[in-house]
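Colleague: I should be grateful for a close look at a single part of this structure, together with an account of its setting. Please take one helix and follow it outward to the rest of the chain.

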Amino acid sequence: MVKPTPATRPANPRFSSGPCAKNPDFTLDALKDAPLGRSHRAAIGKAKLKEAIETTREILGIPADYKIGIVPASDTGAMEMAMWSLLGERPVQMVAWESFGAGWVTDVVKQLKIEATTHLADYGEIVDMAALDYDQDVVFTWNGTTSGVRLPSGDVIPADRDGLTLCDATSACFAMDLPWDKLDVTTFSWQKVLGGEAAHGMLILSPRAVDRLESYTPAWPLPKIFRLTKGGKLIDGIFTGATINTPSMLCVEDYLVALNWAKSVGGLKGLIARAEANFAAIDDFVSTRDWIDFLATDPATRSTTSVCLKFTNPAIADTAAFAKAVTKRLEAENAGLDLGAYRDAPAGLRIWCGGTVETADVAALMPWIEWAYEAELAALSEAA
């Protein structure tokens, strides 16, 4: 007999891995200071954009000599801009353990046709980062949003490397402690850990990356939207608020609201603590059930933001259909929204646990997952 529905629902059932939940204090009224209908090149627009850049630097602890730019097309645009502009000067080590990293491999190997060594790991596993040649350029994803597998630290990246490291950190920034001295190019989008709006990306360059931009010209033509230099010099305005294309000032305001909220909960340390507490609520649940487990096999590599789970009951013949039915039940009850695994990933659940999510909501979701699991298992038994 299926248990009755749990008595308590999450106050906020939004667990999407992008766009992610807004911060708990968010209201539309918080955006009232957005300079709508004003040029982003006017003084007020430039000031807002510069504030977004410098507050990002403050919270993340990005060194003063690193450049931070706001670019179009979200994290994808930032990564494409970096790869097209910087790669090709030397061979490349391409690293992937989930679908977005695999996309960067495709772009470099098949589109740019750069000499590259590819290092791949299956979903749930991770590449041995210590085995890479860091005298070549290295492209990798810090946190696999679609696999729930993250790099535990940057300790294996040598400080005296000759190559550049290009890191897609979109679901790691503001939730994990990134070693900036080990990262030459870092990208993320507003829609992830801080729950911002989509379409805008952030591009962070070390002095070594800037040197490469100013000393190397790719063999291929660069679209205007990818150009970071002019006359062999960095277009510095991109990194002070003079964006390449027109940004949404409403989205900029929303990002500023999220940044100020982040400061109110203790900045980076506070955000990391919130994500870790959210993950712990799931870990406690999974550790006492034999029918569900993490997709990430090594506890040290388990993401604290994009937490991916799999159903392990051997009685489930079609795990994809089962997982889809479970997520449908949860959505119908308004207990958990957008919980399905990414389309290219193994079947299961994916629960966003970044700092904008309340731990009480994650804890309240767990009994609902068990209820939906048991209800669907019972439905399968009846159908048989």
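Modeller: The account below begins with the helix α5 and then moves to its surroundings, the whole chain, the largest pocket and some points of backbone geometry. Please bear in mind throughout that this is a predicted model.

Helix α5 comprises the 16 residues from 249 to 264. At 1.5 Å a residue, a helix of this number of residues should span 22 Å, and the end C-alpha atoms of α5 are 23 Å apart, so the computed distance agrees with the expected one. The general geometry of such an element is also useful here. An α-helix has 3.6 residues a turn, so residues three or four places apart point the same way.

Helix α5 is mostly covered, with 12 of its 16 residues buried. The buried set begins with M249 and continues with C251, V252, E253, D254, Y255, L256, V257, A258 and L259. W261 and A262 complete that set. The list therefore includes the acidic residues E253 and D254 as well as residues such as V252 and V257. The partners of these buried residues are two helices, α1 (43–60) and α6 (267–286), and two strands, β8 (185–189) and β9 (200–205).

L256 offers a view of one of these contacts from within α5. Its relative accessible area is 4%, and because the limit for a buried residue is 20%, L256 counts as buried. Apart from neighbours within four places in sequence, L256 is in contact with K48, E51 and A52. A longer-range separation may also be given for L256: its C-alpha atom is 23 Å from that of S306, a residue 50 places away in sequence.

The packing may also be viewed from the other side, through T55, which belongs to helix α1. T55 has a relative accessibility of 8% and is therefore classed as buried. Once neighbours within four places in sequence are set aside, T55 is in contact with L259 and K263. Of these two partners, L259 is itself one of the buried residues of α5. Just after α5, the backbone at G266 adopts a positive phi of about 105°.

The helix should next be placed in the chain as a whole. The protein chain contains eight helices and 14 strands. Its radius of gyration is 22 Å, close to the 21 Å that the globule rule gives for 384 residues, so the chain is as compact as a globular protein of that length. Along the principal axes, the C-alpha atoms fill a box of roughly 75 × 50 × 30 Å. Of the 384 residues, 56% count as buried. Among contacts between residues at least 6 apart in sequence, 73% join residues at least 24 apart. A separate example of distant positions brought together is A7 with A364: they are 357 residues apart along the chain, yet their C-alpha atoms are separated by 9.3 Å. A7 is located in the segment before α1, and its relative accessibility of 84% places it in the exposed class.

The largest pocket encloses about 320 Å³ of space. It is lined by 23 residues, and those closest to its centre are S17, F100, T145, Q191 and K192. Helices α2 (74–86) and α3 (99–111) each supply at least two residues of the lining, and the largest share, three residues, comes from α2. By class, the lining has four nonpolar, 12 polar and seven charged residues.

Finally, some backbone features deserve attention. The peptide bond from G18 to P19 is cis, with omega near -10°, and P19 is in the segment before α1. Two residues that are not glycine have positive phi values: F174, at about 75°, and A199, at about 95°. F174 is in the loop between β7 (165–168) and β8, whereas A199 is in the loop between β8 and β9. F174 is buried, with a relative accessible area of 2%, while A199 is partly exposed at 44%. The strands β8 and β9 that flank the loop of A199 are among the elements against which the buried residues of α5 pack.

Notes. Residues are numbered from 1 along each chain as its sequence is written. This is a predicted model: local features need pLDDT of at least 70, side-chain atom pairs count only at pLDDT 80 or more; totals for chains, interfaces and linings use all residues. Side-chain values use heavy atoms; hydrogens and water are left out. Helices (H or I, at least four residues) and strands (E, at least two) are DSSP runs, numbered from the N terminus. The expected span of a helix is 1.5 Å times one less than its number of residues. Buried means under 20% relative accessible area, exposed over 50%, partly exposed in between (1.4 Å probe, protein chains only). Contact means heavy atoms within 4.5 Å. On a 1 Å grid over the protein atoms alone, a cavity is a set of points where a 1.4 Å probe fits but cannot get out, and a pocket is an open set with protein on both sides within 12 Å along at least five of seven lines; lining residues have an atom within 4 Å of a point. Grid points are joined across faces, edges and corners, and a volume is the space filled by probe spheres set on the points. The radius of gyration is taken over C-alpha atoms; the globule rule is 2.2 Å times the number of residues to the power 0.38.
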